[in-house]
Structures are given as structure tokens and as C-alpha cells.
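Colleague: Thanks for sitting down with me over this one. Could we go through the fold together, piece by piece?

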Amino acid sequence: MVRIRLAKSRPMPRPLEALIHLDALRHNLSRARECAPDAQVWAVVKANAYGHGLERAFEGLRAADGFALLDIAEARKLREMDWRGPILLLEGVFDARDLEWCSRLGLWHVVHSEQQIDWLAQHKTEWPQRVFLKMNTGMNRLGFTPQAFRNAWLRLSALPQVDEVSFITHFSDADGPRGISHQAEVFLAHTADLSGERSLCNSAATLRHAHDPKIRGDWVRPGVMLYGASPDHPEHDAEHWGLQPAMTLHSKLIGVQHLQPGDTIGYGSRFTADREMRIGVVACGYADGYPRHAPDGTPVLVDGLATGIVGRVSMDMITVDISHIPQADIGAEVTLWGRGPHGSSLPIDEVARHAGTIGYELMCALSPRVPVQAIDAHGAA
């Protein structure tokens, strides 16, 4: 039998890490408040806080007036973290039994279907529940049509299981040229004589339209803007909106190759060198959540200097052009997105644009194998 004696020192981890910037989360939350004065703010933390981690994001967003999410399990986590304020289930309950959890945890929930009203009518509880009645004003996913909305409101208002009815809708084009007026007018017209709080604005509407008190309503629901991405990129970038990146994905060079004209790189030989080149190999790949379909030229920072990927993204590695960065060698700092060294920055939206997707997806796609650390402005949290 061969016995292997292990050294007491720990092995070095793979040099890939995601950093969650709590100071950026606080800053972006304050920007939402600046854009929507006098409104209360739901911090939207669905999808594990857009991939940032619910527990970590909570530390940066606990100054919010409430948290909005989808899953009762995540709502339960918030209560276990001693959050005693409002929690809103954005898609409401998925089963009649979920209403018991709403009673236990004191959850507010969206009502968007007749079936959900039926479940409420059959629910036995000593504590009436707060609901947000959803109007479908053109998104055509969830909600009552404007014509059916008043009857739904009458049904809910008559139930002893319901404490208060508020009103909610979701804009389909707040980030684009069509805008929100066609939906906002319908919502406001059909709720004009109804008493109750209103919530209309997602991130794009908060940034672009919440200066109008009718659009601002009583609650705004910022999501992606809290995490430092622009909801209307590329028309406006995060810097335009005064947002700060809340996630940095960084790694290091683990290899350097020297190419001659005609040499190819990686699977499928997608890239062919047309000159002498230095290529850096980065410890990051699609198994870490980096988009496999990212094309040549997708931006990367090496030692804080801009370059781009060359060759196909593989499971564990990316190759980048470092021909113009002569000091870059094994161990050099690589920023895939977020804050880089020497005051540099690479917006996640720019990486997403090159990869044909949006920053939301890159955040949410971060792989569980990537170590994540929450840090404050002065270091680890």
C-alpha cells in the first residue's frame, strides 16, 4: 500500500472568485430612492438575489422598505435573518397550501387569477392577508384584464381572509422606445376610484419615469438596477444612471502561449492568428457561468487594461489576447466583469451585449462552484 503524507499547508484554490460589493448595493438602493421620492421601495431579490446570494444581498439592501421575491423558501430565509418588514410574493401562491405559509410568515402576495381568489375564500385563518391585485395592462403574462379587474377587486374586498387590497401591474416596454404610456393610462383609468396602494415601476420605469408621481405610485420595485446593471442598455449604461457594479467576477492568467501567423486556438480552431501573438489562458469557463457563445472580442480586463477573448470558451478556460500587454504573465489579474485593479471597471452589460444576452442572465448564471465573498468598501464583510 502506498501511503501519501500530506503537507500541513492547504492547497491553493483555483484563482476564480466572485465578489459581492455591499457598498454598491447600498448605493444603488439609494439611487432608487432618489429616482422615486416619497415612494417606498421593494428590493427585488428573486432568483437568489439575481445570483448574488440572498444572505449576502440582504446585508446590502436591508435599508429597503420591503423585499419582493418568488419563493416561500426564500421568504422564510429572510424571516430567519430577522427581517420583520413586508415581504411580497411577486407571483402569488402556487397552491392553496401556500396560504398557510403566508399566514405563518406574514407574507403579502400578488393575486393574478380567479383560482387564487378561490383558494383565499377557502383559507381558514385568524389573520387577514395583504394582497396586491394584478392587472394585465399589455404584458400578457399574469393578471386580470382591465375588464375583469373590478369584479376581482369586489370578490377580494368581500373576503374576511383579506385585510387590504393594493394594485400592481408590470410594464413590458419601460426600457424601450414604446414606453409606458399605453399601459399606465389603462391601469390608472381602471383604478382611479379604488382606494389602495399602487405599484407600477420596475427598474427601467423607476429610472426613466418615476419622476411622475402618478407613475411612481406608492411602491417601486427595482430589481436589476440594485445590482448595478442598466435595464435599458445599450441606450444608457450603468454609469449614466449613477449605478455601481455589485458583482465582480475575477480570475488570473494560468498560462501564456506564443502564436505564429496561421496558428489556431481552442476547440474548433475558431480563431486563427494573423500575426505573432501572446495569448493568456484564464481560469474561467462555461462551467463557471461564463457564456460559451461569447464571440471573439468579448471584452476582458488584464491588469486593468482592455482586451478581448480569442477562440472558443471551453468548460474551464478562456483565452485572451495579451499581445499589447507585455507585462501580463502567469498570475496577472483578470476581470471578467465588475471592478478591476487600478480603478478600472468592466460593465457586465458590455460583456452581455457582446455575448448576445443581457446582464441579468450573466448574474443569475454564476455557477455554484465559483467561490463568492461579500466585501464592503474597506474589505471583507
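Colleague: Happy to have it on screen. How many strands make up the closed barrel?

Modeller: Bear in mind that this is a predicted model. The barrel runs S2-S3-S4-S5-S6-S7-S8-S9, and its pairing is parallel. Strand S2 (residues 40-44) is joined to S9 by two bridges, and the barrel is described as closed. The number of strands in it is eight.

Colleague: Let us look at where S2 meets S9. Which residue of S9 is the bridge partner of Gln 40?

Modeller: S2 and S9 run parallel and share two bridges. S9 covers residues 219-220. The partner of Gln 40 there is Trp 219.

Colleague: And on the other side, which residue of S9 is the bridge partner of Cys 201?

Modeller: Strand S8 spans residues 198-201. S8 pairs with S9 in the parallel sense, over two bridges. Opposite Cys 201 in S9 is Val 220.

Colleague: One more step round the barrel, then. Which residue of S8 does Ile 168 stand opposite?

Modeller: S7 and S8 run parallel and are joined by two bridges. S7 covers residues 162-168. In S8, Ile 168 faces Ser 199.

Colleague: Now the helices. Why do the buried residues of H6 lie on the same side of the helix?

Modeller: In helix H6 (residues 114-122), the buried residues are Gln 116, Ile 117, Trp 119 and Leu 120. They sit on the same side of H6 because the arc they cover around the axis is only 160 degrees.

Colleague: Which elements do those buried residues of H6 pack against?

Modeller: Two of the elements are helices, H5 (98-105) and H7 (146-157). The others are strands that also appear in the barrel order. In full, the buried residues of H6 pack against H5, H7, S5 (108-111), S6 (129-134) and S7.

Colleague: How about H4: within what arc do its buried residues fall?

Modeller: Helix H4 takes in residues 72-80, and its buried residues are Ile 72, Glu 74, Ala 75, Leu 78 and Arg 79. They are covered by elements including H2 (46-50), H3 (54-61), S3 (66-69), S4 (87-89) and H5. They line one face of the helix, so looking down its axis you find them within an arc of 160 degrees.

Colleague: Which exposed residues does the face turned away carry?

Modeller: This is the face of H4 opposite its buried side. Just beyond the helix, Asp 82 has a positive phi of about 75 degrees. The exposed residues on that outward face are Ala 73 and Glu 80.

Colleague: Let us try a loop residue. Is His 52 buried or exposed?

Modeller: His 52 lies in the loop between H2 and H3. Beyond its neighbours within four places in sequence, it contacts Ile 20, Tyr 227, Ala 246, Met 247 and Met 363. Its relative accessibility is 0%, so His 52 counts as buried.

Colleague: Moving to S1, which residue of S19 is the bridge partner of Ala 18?

Modeller: Strand S1 (residues 17-21) has four of its five residues buried. S1 pairs with S10 (residues 247-259) in the antiparallel sense over four bridges, with Glu 17 opposite His 250. S1 also runs parallel to S19 (residues 372-376), joined by four bridges. In S19, the partner of Ala 18 is Val 372.

Colleague: How far apart in space are Val 370 and Leu 249, C-alpha to C-alpha?

Modeller: Val 370 is in the loop between H12 (359-364) and S19, and it is buried, with a relative accessible area of 4%. Outside its neighbours within four places in sequence, it is in contact with Leu 16, Glu 17, Ala 18, Leu 249 and Asp 288. Val 370 and Leu 249 are 121 residues apart in sequence, yet their C-alpha separation is 9.2 Å.

Colleague: To finish, what share of the residues of the protein chain count as buried?

Modeller: The chain holds twelve helices and 20 strands. Its C-alpha atoms fill a box of roughly 75 × 60 × 40 Å along the principal axes. About 17700 Å² is exposed, with carbon and sulfur atoms supplying 52% of that area. Of the 381 residues, the buried share is 54%.

Note on methods
Residues numbered from 1 in each chain as written. Predicted model: local features only at pLDDT ≥ 70, side-chain atom pairs only at ≥ 80, totals over all residues. Heavy atoms only, no water. Buried < 20%, exposed > 50% of the residue type's maximum accessible area, 1.4 Å probe, protein only. Areas by Shrake-Rupley, 256 points an atom, 1.4 Å probe, with all protein chains shown as cover. Arc of directions from axis to C-beta. Contact = heavy atoms within 4.5 Å. Pairing = 2+ DSSP bridges.
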